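Happy to go through this one with you. Let's take the labels one by one and check each against its definition.

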Amino acid sequence: MAKHERYAEYKASGIPWLEESPAHWKLMRLGYVAQTLVPMRDKPKALDGDIPWIRIEDFKGKFIDGSSSGQGVSQQTVDAMNLKVYPSGTVLCSCSCSMGATAIATRPLVSNQTFIGLVPSESVLSDFLYYQLAARAEDLQAQATGAIQQYLSRDDFRRLRILIPPLEEQQAIAAWLDERTARIDTLIAKKQRLIELLQEKRQAIISKAVTRGLDPHVKLKDSGIPWLGEVPEHWEVKRFKHVVSVWGRIGFRGYTTDDLVNEGQGALALGASHITATGAVDTTDPVYVSWEKYYESPEIMIDKDDLIVVQRGSIGKVALVENDLGPATINPSLVLLKDAIAHPRFLLYVLLGGYIQSTITTLLNATAVPMLSQHQIENFLLLLPPPDEQEQIVAFIVDETGRIDALLKKAHLAMHRLQEYRSSLISAAVTGQIKVT
């Protein structure tokens, strides 16, 4: 970050992770400068009123003024249930789920217990408090780590120590950050759009190759699948259960946090977080489960060339185990595909392709329970070319997507650096490490 002017005098900040702060700034508990509003536990049955009922999905920037799904409650429901209504100017901060997500209400709003409302006193501006909490998102997340419900209470927020400069400085800092973060956000949005376009192109290449092959003059036949149309005449149409064995963790053999151990004391346990967007396994942040739990379920011990599919949570993410991971298993959110009689990487591309991902979306839209069952995975339809053609298609996709993946990596890195710079700028301004004039 570029050098900026600093304040004339500093003192010990009183905050463990911050060495010093401007001498004329006050260190105060959040509870002394803002009223905390905690929503009611019960959810209204009727959500067709005029006062917006908001969710974490509605957070899309600094301000929030409504529900993207059009949900709302009536004043009659508010009175009958004694619901807490956040007044305009309330700083909303998520106290569970995406911990630390923050926005300012521009009109009266109601929510569930995902949020806590902070109504600033006369000594602090909503805009400045918004940036203070945005700078503390990681701190809030760290405080919640280890809690069973991943939740921060009203008292947790009230005890939070924040630095309060004079009002005119708060206004200057908020305005300065508005201007600079807007520029950075524009650059981040452009990188995000580039990533989306590259991902779309990547999937289009994969989808075409695994449904039509590489020969533009190949003789076609009706696939018998309405939404897929014609496919190469010599390809077979099979179900996944005829090509792989599908295994999941049996319910009573699940595990809890008590079964998690340190490295060397158990086996690697893969979850959705270990699967990349391009279908690889990333073990840079490993999780280990006890040997007892590992050996309890030998059918889900992971081998090289196995495929894994997420059935809960980030549903539809898939990966190929390309390397020997050593003793490894899956957590309850995954399904393991073993003993493939087709090229494992060809099957990976089939699972990443548009028609399987569309099938998953259709299945999820038809159920109230967000889960992909083993039975559904077993019955996915698969277009299977001869082995030599599978090899050719895999080589083609590897070559074509390799170039795209290089661009994706570069774009992700650039976006990450912009996000880090944005965070560091906010943190430096609201803690007085740079002087805003």
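Q: What makes Gly 213 stand out after H6?
A: Gly 213 follows H6 and has a positive phi, near 80 degrees. This is a predicted model, where local features need pLDDT of at least 70, side-chain atom pairs count only at pLDDT 80 or more, and totals for chains, interfaces and linings use all residues. Residues are numbered from 1 along each chain as its sequence is written, and side-chain values use heavy atoms, leaving out hydrogens and water.

Q: Why is H6 called a helix, and what span is expected for it?
A: A helix is a DSSP run of H or I with at least four residues (a strand is a run of E with at least two), numbered from the N terminus. H6 covers residues 167–212, which is 46 residues. The expected span is 1.5 Å times one less than the number of residues, giving 68 Å here, and H6 reaches 65 Å from first C-alpha to last, close to that value.

Q: How do you know that S5 and S7 pair?
A: Two strands pair if DSSP finds at least two bridges between them. S5 (residues 51–54) and S7 have 2 bridges, in the antiparallel sense, so they meet the definition. Within this pairing, Ile 51 has Val 73 of S7 as its bridge partner.

Q: Why are S7 and S10 called edge strands?
A: The open sheet runs in the order S7-S5-S10, with mixed pairing. S7 (72–73) and S10 (110–111) each pair on one side only.
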